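Please have the sequence and the coordinates open side by side while reading. The paragraphs below go from one local feature to the next.

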Amino acid sequence: MPEYEAIIGLETHIQLNTTTKIFCSCKADSWEDPPNTNICPVCTGLPGVLPVLNQAVVEKAVLLAAAMHAEVQPLSYFDRKNYFYPDLPKGYQISQYDMPLARGGYLDLPMPAGYTRQVTIHKLHIEEDAGKTKHEHGQRLIDFNRCGVPLVEMVTGPDLRSADEAAQYIIRLRQLLRWLDISEADMEKGHLRCDANVSIRPKGADYLNPKTEIKNVNSIVSVRDAIQTEIERQIRQVEAGNRIEAWTLEWDEAEGLLRKMRSKENLADYRYFHEPDLLPVRIDAAWREAIFVDLPELPLERRARFTRQYGLPEYDADILTGERSLSDYFEGAVQAYGGDPKRVSNWLMNDVLRMINERGLLAGDLRLVPAYLAEIIKLVDAGTINISTGKSLLENVESTGRAPAEIVQAEGLARVSDEDALRVISAGVLAENPEQVASYKAGKVTLIGWFVGQVMKKSQGKADPQLARTILEQLITKSES
Ligand SMILES: [Zn+2]
């Protein structure tokens with residue numbers, strides 16, 4: 001049996017997080033709103049209305065194009081894509097066709113196995129979304145809220161070679177969209193939608209076989225599972241001597257199987273023509289530069305810099321740049337701390353990250369600001385508090401918003417290393433336990449650990465155990481003479 005490789009291309013639709021729709025002032029995000037409440041004559045396509053382009057849509061799409069290393073076109077056009085469907089009230093969708101907003105581009109995918117897969121995109125364009133159709137009790141219900149919601153469409157080249165690589169593309173794309181703050185990129189809410197084209201060929205071959213298209217994969221796990229299932233199906237078909245037919249398949253997430261939707265029809269004739277109601281989009285150098293001012297250091301660049309500049313392991317750098325707010329937080333804390341960045345990373349990844357996840361916050365929303373985290377680590381470094389006090393201090397600062405040093409002082413959390421205070425506690429422990437003192441003197445010297453334990457208990461864990469041990473030994477020896 002020959003070895004096969006998969007050829008996978010992904011088509012993604014990204015909902016931009018603008019306040020209003022692409023061609024009218026209706027609210028763009030209707031996730032929690034009742035059907036047909038965010039609509040107007042423009043987005044429902046009533047006669048006599050004219051669309052007005054939302055500038056923020058262009059700017060967010062240009063940011064994405066730049067981050068994808070695509071070339072932003074100085075001139076692009078909107079086109080009418082004509083087709084009839086009940087949730088498309090105008091009878092056409094305003095999209096871009098032969099003169100899209102940006103061309104070319106790629107995204108690098110560092111794979112967990114250690115290699116990097118470069119995924120190309122041919123073009124990037126903006127368009128309006130259609131409405132939603134729902135079948136209920138034998139009726140077809142239509143919600144126009146989604147009509148006119150701004151989308152970016154990007155189609156990758158046939159560059160992906162496994163289900164894992166496809167999943168990784170979606171993971172990195174989602175990270176990038178959130179990093180740029182241009183989309184919530186929540187697959188469950190349809191902010192990031194993905195269709196996959198899948199074919200197989202003997203490994204090393206350079207021709208393409210007929211492909212199938214998988215629709216409606218709405219989570220990263222589904223992307224991976226659906227594609228893997230389809231690769232295995234195609235291999236079984238070919239091994240059995242059958243031909244792969246160009247089907248359109250639908251992934252049933254609950255059942256974990258693919259259903260045939262239809263045999264792929266010939267390329268539909270959408271009768272594209274330039275949209276006469278909208279001017280072409282002209283992006284001159286000045287506007288482009290003004291948009292690029294908002295282009296941040298990208299996640300993979302920052303990840304590389306974190307290993308280089310701070311000497312972090314790749315594992316740490318990857319987690320700390322998983323989300324922009326977290327990576328900003330890390331850098332703020334490193335700056336405030338001034339010591340070993342790996343120490344900050346450990347505190348962040350072990351304790352602060354758990355707090356962020358439990359509370360469903362972004363790092364930037366914490367009341368435990370980077371300077372406070374740095375302060376806590378310094379208090380531990382200086383021996384003012386022990387590590388377990390330091391960890392409980394994280395929660396305390398987060399719930400009260402007070403400065404760590406202030407809490408330490410107000411609640412008397414400082415480690416008891418004051419000799420006089422420890423001497424008093426130690427003397428008390430010895431006086432209360434004459435039998436153990438006698439055993440110790442009779443030669444059971446291992447009891448010293450038990451005495452230290454008692455001192456720790458009485459000091460509520462704040463005693464310096466080393467110092468307590470020295471004082472206890474002194475006190476017992478003194479009582480012997
Ligand atoms: Zn509207």
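In this predicted model, Arg271 sits in the loop that runs between strand 15 (257–263) and strand 16 (273–274). Its relative accessible area is 52%, and because the cut-off for exposed is over 50%, Arg271 counts as exposed. The backbone of Arg271 also deserves attention, since its phi is near 45°, a positive value in a residue other than glycine. Most residues other than glycine have a negative phi.

His69 is another case of this kind, with a phi near 60°, again positive in a residue other than glycine. His69 belongs to the loop between helix 1 and strand 2 (71–72), and with a relative accessible area of 39% it is partly exposed.

The loop between strand 1 and helix 1 (55–67) holds both Cys24 and Cys40, which are 16 residues apart. Both of these cysteines are buried. They take part in the coordination of the zinc ion, whose donors are the SG atoms of Cys24, Cys26, Cys40 and Cys43, at 2.3 to 2.4 Å. Along the sequence, the donor residues follow the spacing C-x1-C-x13-C-x2-C. The arrangement around the zinc ion is tetrahedral, because the four donor atoms subtend angles of 101 to 113°.

Strand 1 itself covers residues 4–15 and includes Ala6. Ala6 has a relative accessible area of 4% and is therefore buried. Leaving aside residues up to four places away in sequence, Ala6 touches Leu160, Arg161, Ser199, Ile200 and Ile231. Its C-alpha atom is separated by 9.5 Å from that of Asp159, although the two residues are 153 apart along the chain.

Where, finally, is empty space left in the fold? Rolling a probe the size of a water molecule over the atoms shows this. The second largest pocket has a volume of about 770 Å³. It is lined by 29 residues, of which Ile171, Arg172, Gln175, Gly322 and Glu323 are the closest to its centre. Helix 2 (163–179), helix 6 (314–320) and helix 7 (324–337) each supply at least two residues of this lining, and the largest share, seven residues, comes from helix 2. Sorted by class, the lining of the second largest pocket comprises 12 charged, nine nonpolar and eight polar residues.

Key: Residues numbered from 1 in each chain as written. Predicted model: local features only at pLDDT ≥ 70, side-chain atom pairs only at ≥ 80, totals over all residues. Heavy atoms only, no water. Helix = DSSP H or I, 4+ residues; strand = E, 2+ residues; numbered from the N terminus. Buried < 20%, exposed > 50% of the residue type's maximum accessible area, 1.4 Å probe, protein only. Contact = heavy atoms within 4.5 Å. 1 Å grid on protein atoms, 1.4 Å probe; cavity = no way out; pocket = protein on both sides within 12 Å on 5 of 7 lines; lining within 4 Å. Points joined across faces, edges and corners; volume = space filled by probe spheres on them. Nonpolar A, V, L, I, M, F, W, Y, C, P; charged D, E, K, R; others polar. Donors = N, O, S within 2.8 Å, 3.2 Å for Na, K, Ca; no water. Tetrahedral: all angles 85-135°; square planar, octahedral: opposite > 155°, others 65-115°.
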